[in-house]
Amino acid sequence: MELKEKKPFNKRAFVSVAMFAAALGLPISGLMNHQMQFEPFSQTRHFWMSVHNVSAILFCLFAIMHITLNWTPLMHYIKKIKGVSISKEALLAVALVFVVVAFISSHALHTHAG
């Protein structure tokens, strides 16, 4: 019979998976909140608001922990890419996403509550 060596708890893996799990809840609960935005306040609407808020808080906490646990590799990566220039494709992609999101989201600035 072979004895398996017990692995130590991997904090970096735990934090990464927890951050990913919290991130999964955000678009789902955000979509549900968007769908229910004009309904009267109900238990279901409160549930989805709570899911969204708690998921966002957990995501932020685990993101901070992720950065803290990976600070040294992150700094090495940043130092390594200092001399690398951003490609025109990357700039165009970021600009396109920004413009599309801004254009579609701007409808909220033209609605009147009441």
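Helices are DSSP runs of H or I at least four residues in length, and they are numbered from the N terminus.

**Figure 1. Overall view of the predicted model, an all-helical arrangement written α-α-α-α from the N terminus on.** The secondary structure of the protein consists of four helices and zero strands. The radius of gyration of the protein is 21 Å, well over the 13 Å that the globule rule gives for 114 residues, so the protein is more spread out than a compact globule. Along the principal axes, the C-alpha atoms occupy a box of roughly 65 × 45 × 25 Å.

**Figure 2. Surface, burial and charge in the protein.** Of the 114 residues, 13% count as buried. The protein exposes about 10200 Å², and 72% of this area is supplied by carbon and sulfur atoms. The protein carries 10 positive and 4 negative charges, whose mean positions lie 11 Å apart. Where residues at least 6 apart in sequence are in contact, 57% of these contacts join residues at least 24 apart.

**Figure 3. Close-up of helix 1, residues 11-35.** At 1.5 Å a residue, the 25 residues of helix 1 should span 36 Å; the end C-alpha atoms are 37 Å apart, which agrees with that expectation. The buried residues of this helix are Val-15, Ala-18, Met-19, Ala-22, Gly-25, Leu-26, Ser-29 and Asn-33. The cover over these buried residues includes helix 2, which comprises residues 43-69.

**Figure 4. Close-up of helix 2 and its packing against helix 1.** Helix 2 contains 27 residues and reaches 38 Å from its first C-alpha to its last, close to the 39 Å expected at 1.5 Å a residue. Arg-45, Trp-48, Ser-55, Phe-62 and Ala-63 are the buried residues of helix 2. These buried residues pack against helix 1.

**Figure 5. Close-up of Leu-58 in helix 2.** The relative accessible area of Leu-58 is 36%. Buried means under 20% and exposed means over 50%, so Leu-58 is classed as partly exposed. Between Leu-58 and Ser-42 there is a separation of 16 residues in sequence, and their C-alpha atoms are 24 Å apart in space.

**Figure 6. Close-up of His-76 in helix 3.** With a relative accessible area of 52%, His-76 is exposed, the cut-off for this class being over 50%. His-76 and Phe-38 are 38 residues apart in sequence, while the distance from C-alpha to C-alpha is 48 Å.

**Figure 7. Close-up of Ile-86 in the loop between helix 3 and helix 4.** The loop that holds Ile-86 connects the helix at residues 71-80 with the helix at residues 88-105. Ile-86 has a relative accessibility of 60% and therefore counts as exposed. Val-15, one of the buried residues of helix 1, is 71 residues away from Ile-86 along the chain, and the C-alpha atoms of the two residues are separated by 30 Å.

Note on methods. Residues are numbered from 1 along each chain as its sequence is written. This is a predicted model: local features need pLDDT of at least 70, side-chain atom pairs count only at pLDDT 80 or more; totals for chains, interfaces and linings use all residues. Side-chain values use heavy atoms; hydrogens and water are left out. Helices (H or I, at least four residues) and strands (E, at least two) are DSSP runs, numbered from the N terminus. The radius of gyration is taken over C-alpha atoms; the globule rule is 2.2 Å times the number of residues to the power 0.38. Buried means under 20% relative accessible area, exposed over 50%, partly exposed in between (1.4 Å probe, protein chains only). Contact means heavy atoms within 4.5 Å. Accessible areas come from the Shrake-Rupley method with a 1.4 Å probe; for residues, only the protein chains shown count as cover. Lys and Arg count as positive and Asp and Glu as negative; His and the chain ends are not counted. The place of a charge is taken as NZ of Lys, CZ of Arg, CG of Asp or CD of Glu. The expected span of a helix is 1.5 Å times one less than its number of residues.
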